[in-house]
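Reader: I am new to this structure and would like to be guided through it. Could you start with the terms I will need?

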Amino acid sequence: MKGPDRQDPFEEPDVPESGDGAGGSDGPDGADGAGGGDARRPPRIPLPRASIEDTGDPLPGPPPEPKAWEAPPLALDHRVLKSLLGAWALAACSVDEAIAVEEHLGHCGPCAEEALRLRDAVGLLHQEESLDLDPGLRNRVIENCLGRRPPRIPVPEWAIPYDAETARLDALLRDIGDSEWHAPVRLRWFDEDRPASRKTTVAGVIAHLLAVDGLVALALGLDDPLGRETPLRSDPGHRTEAYWRASYFPPTRAVRGPWREQSHELIRTVSFTAGGPHGSGSGGLAVPYSAPDDQGRRVELPLRDSMLDRAFECWIHAGDIAEAVDYPYEPPSPRHLHRMIDLAARLLPGTLAERRRSGLAAPAHGLVAAGAPGRSLRLEVEGLGGGEWFIPLDSPGASASADREVAHVALDGVEFCRLAAGHVSPQEAAAGQVGDGQAIRDVLFAAASLSRM
């Protein structure tokens, strides 16, 4: 229902049939709906838009001129813009160049595809990293490999330190340059109570290791690296001097090959002849370290101890080389270092007795029967590879124990090894000492006497 003055929206509006309507032909202009009719209603056909010039409004001005401090846009040709794509991908362009390149990419398909490829390539680049590998990386990789797949013929436990130290030294030698093989190195040791030294080069040190390792090779029936023309002497110093003299020219990096091959041959031979990982087969084979004296006595070590001795000397001389070429070098693993310290501690009673016979140590307070308890010094080694050892003072065959302790010495593990290598004087080695001062002095000097060229 609708009100009297409301119109149904679905009905057509009332349109007059004669000339008094808005759409009739009798309008003022004589045209249907052109502009006549009721002025209150909008025209059925829109009127044309008027030009801005007919409105009287001010015309828009020209685009603003660039300010004096603003540079005009770069106008670069296609060849220059294409050459800038690499710098743009690396964000190395200036602001104006980047704007010009990006505007060019909007309408140049080949350049746009090339820019996309360059941006993807930039995403694959990595940050700069040091090229120096972790010194312990090789040992960790080898340990992991050996742990996953044990070798068919295992290396005896007492030969593993030698295998590890020769491998570490070989890795150091691989990294040094040709000129560094001639860098000066001073070999140091203790001769009786005095420090001694011998000047050589990096290559000369490897020749020294080659000559002394030859003692083990000879004991195993392998070829002597010194050759048949060199007199057979068991003293390491004389063998080294003979090898240096036999060379027509000073040793060069070519000595690395024979030394490396000999170390591999030693490991292979002891692995085949040891009879298992504990090496009960050939571990007791005697390796002479000196020529016989007037009474026919000479210094000998069992093969198992000799391999530890060679591992110890390899590490010490590797440190000498690393110091000469300014290269970092870490001590052996704690397990291997402990074995080296144990070997030195076991050699101390015999060395002390030998020094006493030569008049270099105080007389014994009282000899006891072999196996009987005697005066003892407690050697406490701290840090890596450390432990505690009791050293008999009066007789090598005496039984050392805490009950007869008369002195106590404490040293760092690496420092004790440097003392046994003759690189530290006995007066500077002990970090702490309590008890019989003469016994402490004799033991420290005996430790220094373990060193040799």
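Author: Certainly. A residue is called buried when its relative accessible area is under 20%, exposed when it is over 50%, and partly exposed in between, using a 1.4 Å probe and protein chains only. Helices (H or I, at least four residues) and strands (E, at least two) are DSSP runs, numbered from the N terminus.

Reader: And where do the values come from?

Author: This is a predicted model, in which local features need pLDDT of at least 70 and side-chain atom pairs count only at pLDDT 80 or more, while totals for chains, interfaces and linings use all residues. Residues are numbered from 1 along each chain as its sequence is written, and side-chain values use heavy atoms, with hydrogens and water left out.

Reader: How many helices and strands are there in the protein chain?

Author: The protein chain has 15 helices and eight strands. Of its 453 residues, 38% count as buried. Taking contact to mean heavy atoms within 4.5 Å, residues 24 or more positions apart account for 66% of the contacts with a separation of 6 or more.

Reader: Which residues of helix α13 are buried?

Author: In α13, which spans residues 413–420, the buried residues are Gly413, Phe416, Cys417, Leu419 and Ala420. They lie on the same side of α13 because they cover an arc of only 155° around the axis, the arc being that of the directions from the helix axis to the C-beta atoms.

Reader: What do they pack against?

Author: The buried residues of α13 pack against the helices α11 (303–324), α12, α14 (426–429) and α15 (437–449), and also against β5 (376–382) and β7 (405–412).

Reader: Where is Leu393?

Author: Leu393 sits in the loop between β6 (387–392) and β7. With a relative accessible area of 3%, Leu393 is buried. Leaving aside neighbours within four places in sequence, its contacts include Leu352, Leu377, Ala439 and Val443. The C-alpha atoms of Leu393 and Ile440 are separated by 9.7 Å, although the two residues are 47 residues apart along the chain.

Reader: What about His317: buried or exposed?

Author: His317, a residue of helix α11, is buried, at a relative accessible area of 4%. Not counting residues up to four places away in sequence, His317 touches Leu187, Val205, His208 and Leu209.

Reader: How many residues are in the largest nonpolar core?

Author: The largest nonpolar core has 55 residues, and among those with the most contacts inside it are Leu303, Phe312, Leu348 and Leu411. A second, separate core of 28 residues includes Tyr243, Ala322, Val325 and Met453. Such a core is a set of buried Ala, Val, Leu, Ile, Met, Phe, Trp, Tyr and Cys residues joined through side-chain atoms within 4.5 Å.

Reader: Changing topic, which residues other than glycine have a positive phi?

Author: Ala91 and Glu192 are among them: phi of Ala91 is near 60°, and that of Glu192 is about 60°. Most residues other than glycine have a negative phi. Ala91 lies in the loop between α3 (85–89) and α4 (95–105) and counts as exposed, at 67% relative accessibility. Glu192 is in the loop between β1 (184–191) and β2 (194–201) and is partly exposed, with a relative accessible area of 42%.
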